[in-house]
Amino acid sequence: MQRCDRCSEDAVYLRRYSGQRMCSEHFLNYFEEKVVKTIKKEKMLQRGDKVGVGVSGGKDSLTTLHMLKNLQEDLDLEVHAIAVDEGVKGYRADTLGAAKNFCSREKIPLHVVSFKAGLGFTLDEVHKKRSPCAYCGVFRRKLLNETGIKLGLDKLATGHNLDDEVQAIMMNYISGDVERIARYGSGDGKGGFVKRIKPLAEMPEKEVALYALLWDLGASFAECPYAGGTLRSKVRDWINALEKDHPGIKFSILAGSRKMQPLLRNAASKELKKCEKCGAPSSGSVCKACLLLEEINLKGNETLI
Ligand code: SF4
Ligand SMILES: [Zn+2]
Ligand SMILES: [Zn+2]
């Protein structure tokens, strides 16, 4: 085992893109300092904010919650957790259990909202006609935002890490969705959206996994049964292969996208309208969630089996 570059302890982590070796203590310090730096740089939090964290019970969301809980006293934050139960058999119960345990241990109020109660169906019931992921993210964002508004949150934090961000950027490029590329990650909190923040956006996924393990956060490592074989999982594998040969390329993709966004925003962005059906902010006259709900209702019982 090689030694930490900063002390005589055994290294637990080699950061390939910088060549640094770190022991567990120096890794944890580095991780926390970098997340706090990102929060400050992007002006994500203000003193006294009421912050909700969308939690799944996985490593990313529990790490985000853990970091915000650490900052709670210094910044006088009110921290809440919101879990969305999509209704995926054999998966969500495990991750929700991890979220419940963590929140009760850390005395963080947890609000659980479900597809069944909020929309009238579970993801398992509607996935037959389309890929479940096509509904999942749209409805999850809808329920998180509505709950955030009900709770009077100033900010809504999610556990997106660097890998998630880079995958989303590449997916938006692939589908040529200029509007989304321009707006992605901005979550400016205007016009009916609770302001979104992503404190882990600059932390590689494997660093988040190591952090959650070293802190013993009790995160669930269960994988959604619908995750395999999707375009996103192929994009993930492709980016990981690139990163292996070119360490640091994930940071370059993120930085490149951030540089391009202001130019694209001027060229492409339309003013957000209000959805005619639910009043949520939308780029079209009806929002994506209402379009999908309409499709599900049209198919009626045929789909809801
Ligand atoms: S993989 Fe599972 S949790 Fe992720 S978007 Fe698809 S259905 Fe939802
Ligand atoms: Zn050390
Ligand atoms: Zn709508």
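**Exercise 1. Classify His26 as buried or exposed, then describe the metal site to which His26 belongs.**

Step 1. His26 has a relative accessibility of 18% and therefore counts as buried; buried means under 20% relative accessible area, exposed over 50%, and partly exposed in between, with a 1.4 Å probe and protein chains only. The model is predicted: local features need pLDDT of at least 70, side-chain atom pairs count only at pLDDT 80 or more, and totals for chains, interfaces and linings use all residues. Residues are numbered from 1 along each chain as its sequence is written, chains are lettered from A and ligands numbered from 1 in the order in which they are written, and side-chain values use heavy atoms, with hydrogens and water left out.

Step 2. His26 (ND1) coordinates the zinc ion (ligand 2) together with Cys4 (SG), Cys7 (SG) and Cys23 (SG), at 2.1 to 2.4 Å. Donors are N, O and S atoms within 2.8 Å of the metal (3.2 Å for Na, K and Ca); water is not among the atoms, so sites may look incomplete.

Step 3. The spacing of these donor residues in sequence is C-x2-C-x15-C-x2-H. Cys23, at 3% relative accessibility, is also buried.

Step 4. The angles among the four donor atoms of ligand 2 are 100 to 116 degrees, and the site is tetrahedral. Four donors count as tetrahedral if all angles lie between 85 and 135 degrees.

**Exercise 2. Determine the donors and the geometry of the zinc ion (ligand 3).**

Step 1. Cys275, Cys278, Cys287 and Cys290 each provide SG as donor to ligand 3, lying 2.3 Å from the ion.

Step 2. The angles subtended by the four donor atoms run from 106 to 114 degrees, so the arrangement is tetrahedral. For comparison, the ideal angle for four tetrahedral donors is 109.5 degrees.

Step 3. In sequence, the donor residues follow C-x2-C-x8-C-x2-C. Cys278, in the loop between strand 8 (273–274) and strand 9 (281–282), and Cys290, in helix 12 (residues 288–303), are 12 residues apart. Helices (H or I, at least four residues) and strands (E, at least two) are DSSP runs, numbered from the N terminus.

Step 4. Cys278 is partly exposed at 35% relative accessibility, whereas Cys290 is buried at 9%.

**Exercise 3. Place strand 4 (residues 78–85) among its neighbours.**

Step 1. Six of the eight residues of strand 4 are buried, so the strand is largely enclosed by the rest of the structure.

Step 2. Strand 3 (residues 50–55) runs parallel to strand 4, joined by six bridges; two strands pair if DSSP finds at least two bridges between them. Val51 has Val79 in strand 4 as its bridge partner. The connection passes through helix 2 (residues 59–75), and this β-α-β crossover is right-handed: with the strands pointing away from the viewer, the path from the first strand over the helix to the second runs clockwise.

Step 3. Strand 5 (residues 110–114) is also parallel to strand 4, with five bridges. Ile82 stands opposite His111 in strand 5. From strand 4 the chain crosses through helix 3 (residues 92–106) to strand 5, in a right-handed β-α-β crossover.

**Exercise 4. Where is Asp76, and what is notable about its phi?**

Step 1. Asp76 lies in the loop between helix 2 and strand 4.

Step 2. Its phi is positive, about 55 degrees, although Asp76 is not a glycine.

Step 3. Asp76 counts as exposed because its relative accessibility is 51%.

Key: Four donors count as tetrahedral if all angles lie between 85 and 135 degrees; four count as square planar and six as octahedral if opposite donors are over 155 degrees apart and all others between 65 and 115; anything else is irregular.
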